[in-house]
Structures are given as C-alpha cells and as structure tokens.
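Welcome! Here are some exercises for getting to know a new structure, each with a worked solution. Take a look at the model first, then try each task before reading on.

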Amino acid sequence: SLLQEISTLVPHCVGKSSPCSLLPVMHSLLLLLSLLCSVSSVDRSKFKSCDQSGFCKRCRAVQPGESGYQVEVDTISITSTKLEALLVNNNNGVKFRLDLGGQSDNTFRLKINEAYPLKPRFEVPLVLVTQPEPAEISVISRDEKTIVLGLGETSKAVLTFKPLRIDFFSGDNLVLSTNARGMMKFEHLRYKKGSAEAVEGGEEEFGEAEEEPNMWEESYGGHSDSKPNGPTA
C-alpha cells in the first residue's frame, strides 16, 4: 500500500544529504492526498440505496420457507446430455423452463427462464467465450419425489420436484444447493392489472396476490423509469 511504501522510504531518506532522496516520498504523499480528496468528493445522493430501489426491496423481503415453485413431473424430458422440464410458480400459475445439462469439464449447467414470456427476456451477450461442450449424463435413480442424474465418475445432481430444489454433489460431498431455503424469486413479464391485455390473457383470474411498490415505474433524481411489462428481477 502507499502508507507502507512511505513508511519504508522515510527511514531510508533520513540523514541523506541528497535532495532527490525524499522525492519518492513526496510523490507518494501527493498521490495519497489526491485519492483521499477524490473519495471525499463523491456525491452519494446520486446513487440509490436498497431502500430506494424497488427490486432490491422486493428481493430482500423474501423470507426462508417452503418454495412456491415445483417441477411438473409429466413434462420431464431427458436426452443423452440434459434434462428439460417445466416449473410452475404456484403463487401465480406462471411457468418456467428448466434446463439441467452436463458439461465436458465434469460440471452441470442449470438454466431457468420463462417458458411462455410476453417477449424474449434479455440475456447478457458475450458472457461466455465459447458455448459449453455438452457431456453425457445418466439417470442413477428416480422415484415420485426426486430424480438423480450422474455425470462422469463422481458428479451428480439431485432434483427434488416439490418444492423445487437441486443439490449438486462431487462424490458424497454436497457442493451447492439451489433453492434449499425456498427463497427463489423470478419476476415474470406481465400486463398491468386491470388492463385489457391482462383480462384477455386471464391474468385477472390468477394474478399476483398483492401489488408491490415500484413495480411499474420508479423515479429517482428527477428521472423516471417506466416498466410497461412490470418488474423483471
């Protein structure tokens, strides 16, 4: 760090007659002062806190418990490299597509997205340098509650149907759990309650139980952000 550099240079320079011996110290001090000034000059009012952000408040409000998401067992389809199935959120009837596939580096790839979105969801491009190379999976066991997939010699994934939960193992060691605490939240694209589109699409009959704040528009610092298809966190 700069402070460590200064503390090292100062004793070295003490007693030296050369005027250049303190030059690195002065440069370091000036740099440190400029950084401190930059930090103190940040206008925090231009940045939102979680309490001022709708999606942050909604997501943080989710509490551990039994998840409303479950696998529709009769939609499960298994190929040589992946499992596909539909999920349903029992709180609103919205369905999602689950893809769970094996990869050549002995890992699983899990992807969940809306099954029937109003329009394609935005996916960040160029996240991966190349597309993952698929690898063969096998069904180790299956019953009315779970299905266990194997990958390679040691990796396996345990998919629990209701409530949705996925546990990933390396040998007998649990590496990662998905939705283990029942806190999954996926905000689907929708029409505004009361609109003609919502009535026509049946959303009025089986919609959200409550209307949470900032779902359709947020304002901050004089700017407004409208959400014609609702929140999408």
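The protein exposes about 15400 Å², of which carbon and sulfur atoms supply 55%; such accessible areas come from the Shrake-Rupley method with a 1.4 Å probe, and for residues only the protein chains shown count as cover. This is a predicted model, in which local features need pLDDT of at least 70 and side-chain atom pairs count only at pLDDT 80 or more, while totals for chains, interfaces and linings use all residues. Residues are numbered from 1 along each chain as its sequence is written, and side-chain values use heavy atoms, with hydrogens and water left out.

**Exercise 1. Take stock of the protein.**
How many helices and strands does the protein have, and what percentage of its residues count as buried?

*Solution.*
- Step 1: The secondary structure comes to four helices and 12 strands. Helices (H or I, at least four residues) and strands (E, at least two) are DSSP runs, numbered from the N terminus.
- Step 2: Of the 233 residues, 32% count as buried. Buried means under 20% relative accessible area, exposed over 50%, and partly exposed in between, using a 1.4 Å probe and protein chains only.

**Exercise 2. Explore the largest nonpolar core.**
Which residues have the most contacts inside this core, and which elements give two or more residues to it?

*Solution.*
- Step 1: Start with the term: a nonpolar core is a set of buried Ala, Val, Leu, Ile, Met, Phe, Trp, Tyr and Cys residues joined through side-chain atoms within 4.5 Å.
- Step 2: The largest one has 24 residues, and V71, L83, L98, L100, F108, L159 and L164 have the most contacts inside it.
- Step 3: Two or more residues come from each of several elements, including β4 (108-114), β7 (146-151), β8 (155-160) and β9 (165-170).
- Step 4: Now follow F108, whose contacts (heavy atoms within 4.5 Å) beyond four places in sequence include L100, I137, L149, K156 and F168.

**Exercise 3. Build a sheet around β8.**
What is the strand order of the open sheet of five strands, and why is β8 described as largely enclosed?

*Solution.*
- Step 1: The order is β6-β7-β8-β9-β10, with antiparallel pairing. Two strands pair if DSSP finds at least two bridges between them.
- Step 2: The edge strands, β6 (137-142) and β10 (173-178), each pair on one side only.
- Step 3: β7 and β8 run antiparallel and are joined by six bridges; V148 has V158 in β8 as its bridge partner. Their hairpin has three residues between the strands, and there G152 takes a positive phi near 65°.
- Step 4: β8 also pairs with β9 in the antiparallel sense over six bridges, and a hairpin of four residues joins the two.
- Step 5: Five of the six residues of β8 are buried, so the strand is largely enclosed by the rest of the structure.

**Exercise 4. Compare two residues.**
Is K156 buried or partly exposed, and is N113 buried or exposed?

*Solution.*
- Step 1: K156 lies in strand β8 and has F169 in β9 as its bridge partner.
- Step 2: K156 counts as partly exposed because its relative accessibility is 26%.
- Step 3: The C-alpha atoms of K156 and T107 are separated by 8.9 Å, although these residues are 49 apart along the chain.
- Step 4: N113 is found in strand β4 and, at 19% relative accessibility, counts as buried.
- Step 5: A polar contact of 3.4 Å joins the side chains of N113 and E123. The term means a pair of N or O atoms within 3.5 Å; within protein, one must be able to donate a hydrogen and the other to accept it, and residues adjacent in sequence count only if both atoms are side-chain atoms.
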